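Thanks for coming. I'll take a few minutes to walk through one structure, starting with the whole and then moving inside.

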Amino acid sequence: MNKVAVFDKSRPTTKAHRQGIIRSFVRTGPARSQREMLGRLQTAGVRVTQATLSRDLHELGLVKGPSGYLEADAPASGPASDRMLEQMERMMRTHLTGAARAGNLVVLKTSPGLAHALGVALDRAALDEVVGTVSGDDTLFAATPSPSRARALERRLRGLLGCR
């Protein structure tokens with residue numbers, strides 16, 4: 001059973017306060033859905049719309065994994081840290097099912113529901129080949145600065161899958 005944090009319900013909730021509450025909820029036990037997180041917030045006396053909660057989750061860098069919303073490690077400043085790179089490679093080996101190049105995009109196929117988490121891991125690895133990512137449910141687009149960088153990224157990711 002998850003603990004319910006107690007907050008002062010008499011004062012209005014600022015964005016920073018609300019996000020602090022959300023972060024404390026995630027630390028005590030992941031919420032499996034935004035609906036569950038909304039329920040926790042209401043129990044704590046915080047009124048928020050689903051759209052605002054969605055923005056908060058994004059701004060806090062929370063990712064939804066198989067067990068629910070979790071805190072991802074803070075991104076490294078400067079070049080990619082070994083830990084972020086290892087985490088990205090581990091996630092790709094585990095959940096990536098395919099990679100194909102299309103111009104300067106690399107299209108990645110993932111296990112259902114994990115494209116966002118893989119996109120966050122790819123972004124945080126701060127690879128020179130990746131300008132940014134856009135994810136859906138089981139498909140992720142990684143934008144690269146050039147077709148040659150797309151080729152390099154595709155080879156790298158296909159290598160993690162054990163194919164060339």
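What share of the 164 residues in the protein is buried? The figure is 38%. Keep in mind that this is a predicted model.

Now the layout. There are six helices and six strands. Going along the sequence, the order is α-α-α-β-β-α-β-β-α-β-β-α. As for contacts with a separation of 6 or more, 57% of them join residues 24 or more positions apart. On the outside, the accessible surface is about 9200 Å², and carbon and sulfur atoms hold 52% of that.

Next, the interior. The largest nonpolar core has 21 residues, and the ones that touch the most other members are Met92, Val106, Leu108, Leu122 and Leu157. Elements giving two or more residues to this core are helix 4 (82-95), strand 3 (96-102), strand 4 (105-110), helix 5 (115-124), strand 6 (139-143) and helix 6 (147-161). Which of the elements gives the most to this core? That is helix 5, with five residues.

Let me stay with one member, Val106. Leaving aside residues up to four places away in sequence, Val106 touches Ala99, Ala100 and Arg101, then Leu140, Phe141, Ala142 and Thr144, and also Ala150, Leu153, Glu154 and Leu157. Leu157, you may recall, was also listed among the core residues that touch the most other members.

There is also a second core, separate from the one just described. It has 16 residues, including Ile21, Phe25, Ala31 and Leu53.

That is where I'll stop.

Terms used
Residues are numbered from 1 along each chain as its sequence is written. This is a predicted model: local features need pLDDT of at least 70, side-chain atom pairs count only at pLDDT 80 or more; totals for chains, interfaces and linings use all residues. Side-chain values use heavy atoms; hydrogens and water are left out. Helices (H or I, at least four residues) and strands (E, at least two) are DSSP runs, numbered from the N terminus. Buried means under 20% relative accessible area, exposed over 50%, partly exposed in between (1.4 Å probe, protein chains only). Contact means heavy atoms within 4.5 Å. Accessible areas come from the Shrake-Rupley method with a 1.4 Å probe; for residues, only the protein chains shown count as cover. A nonpolar core is a set of buried Ala, Val, Leu, Ile, Met, Phe, Trp, Tyr and Cys residues joined through side-chain atoms within 4.5 Å.
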